[in-house]
Amino acid sequence: MTNAKIGIAGVGGIGSNVAANLVRSGIGPLKIVDFDRVDGSNLNRQYYFADQIGQLKTEALAHNLHRIRPDLRIETVTARIDAGNCPAIFADCDLIVEGFDRPTDKKMLAELLGMGQIMVSACGIAGSDLAAVRTRRLGSCFIVGDFATDCAKEPLFAHKVGTIANHMSAIILHHRGMTHDASIR
C-alpha cells in the first residue's frame, strides 16, 4: 500500500461516501476539496448530519472521518476547483476521485489531470435503477454509473449514490493493492 494522497474533488454524495469507504478500509492520506456548505437537502445521500447544516463540507467531512479513524492524515482545501488552480491542488495526489455535479467540471478535471494520475469518476448517478450501473475505463480514468440518468432530470437516491461510490471505492482499493478483483483493470 502506498502513502501517496488520494484527492477528492467535490465531497457531496459521491465524494463524501467514497471518503468514508476509504477511511473504513484503512486507506489514506486524503486531500478533500470543496467550496460548498452542508445543506439539509444533502442529508439523504451524503456523509453529513443535521447538526452540521451550514458548516463547510470540507470541515464537516474531516470531522466525521476523524471520528472513524482519529489518526487519519487528511488535508482540507476549501476552494472552488477551476482550470487555474486544479493542477496545483492535486499535484501531490496520485489518484483523484471526481465528485462534481456539472459535466463541464468533470471534463475540466479529466483534461487537466493528464499527468499520469488515475481518476475515478461517476456518470449517471440519479434515479433508482441499479441494473444499468457498470464501469468503463478510458486510459487512466475509470467511470462508474449508468451513463444516462442525469440528476437534473431524476432525483438522487442514497442506494444508487452509495452503490456507485462503493464501486468507485473498489477500484481505488484495487489500485492500492488491497483487492484481487480481475474485473477491475
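In this predicted model, Cys123 is partly exposed, with a relative accessible area of 32%. The sulfur of Cys123 lies 10 Å from the closest cysteine sulfur, that of Cys141, which is too far for a bond. Cys93, by contrast, is buried, its relative accessible area being 3%, and its sulfur is likewise too far for a bond from the closest cysteine sulfur, which belongs to Cys86 and is 10.0 Å away. Because a disulfide requires two cysteine sulfur atoms within 2.5 Å, neither of these distances qualifies, and the structure as a whole holds 0 disulfides.

The largest pocket encloses about 860 Å³ of space. Of the 41 residues that line this pocket, Glu98, Phe100, Asp101, Arg102 and Lys106 are the closest to its centre. When the lining is divided by class, 21 residues are nonpolar, 9 are polar and 11 are charged. At least two lining residues are supplied by each of helix 1 (13–24), strand 2 (30–34), helix 4 (103–112), strand 5 (118–122) and strand 7 (141–145), and the largest share, 4 residues, comes from helix 4.

Helix 1 also contains Asn17, which has a relative accessibility of 19% and therefore counts as buried, since the cut-off for that class is under 20%. A polar atom of the Asn17 side chain lies 2.8 Å from the backbone oxygen of Arg45. Apart from residues up to four places away in sequence, Asn17 touches Gly12, Arg45, Gln46, Tyr47, Val161 and Ala165, so that Arg45 appears both among these contacts and as the residue whose backbone oxygen lies 2.8 Å from the side chain of Asn17.

Key. Residues are numbered from 1 along each chain as its sequence is written. This is a predicted model: local features need pLDDT of at least 70, side-chain atom pairs count only at pLDDT 80 or more; totals for chains, interfaces and linings use all residues. Side-chain values use heavy atoms; hydrogens and water are left out. On a 1 Å grid over the protein atoms alone, a cavity is a set of points where a 1.4 Å probe fits but cannot get out, and a pocket is an open set with protein on both sides within 12 Å along at least five of seven lines; lining residues have an atom within 4 Å of a point. Grid points are joined across faces, edges and corners, and a volume is the space filled by probe spheres set on the points. Ala, Val, Leu, Ile, Met, Phe, Trp, Tyr, Cys and Pro count as nonpolar, Asp, Glu, Lys and Arg as charged, and the others, Gly among them, as polar. Buried means under 20% relative accessible area, exposed over 50%, partly exposed in between (1.4 Å probe, protein chains only). A polar contact is a pair of N or O atoms within 3.5 Å; within protein, one must be able to donate a hydrogen and the other to accept it, and residues adjacent in sequence count only if both atoms are side-chain atoms. Contact means heavy atoms within 4.5 Å.
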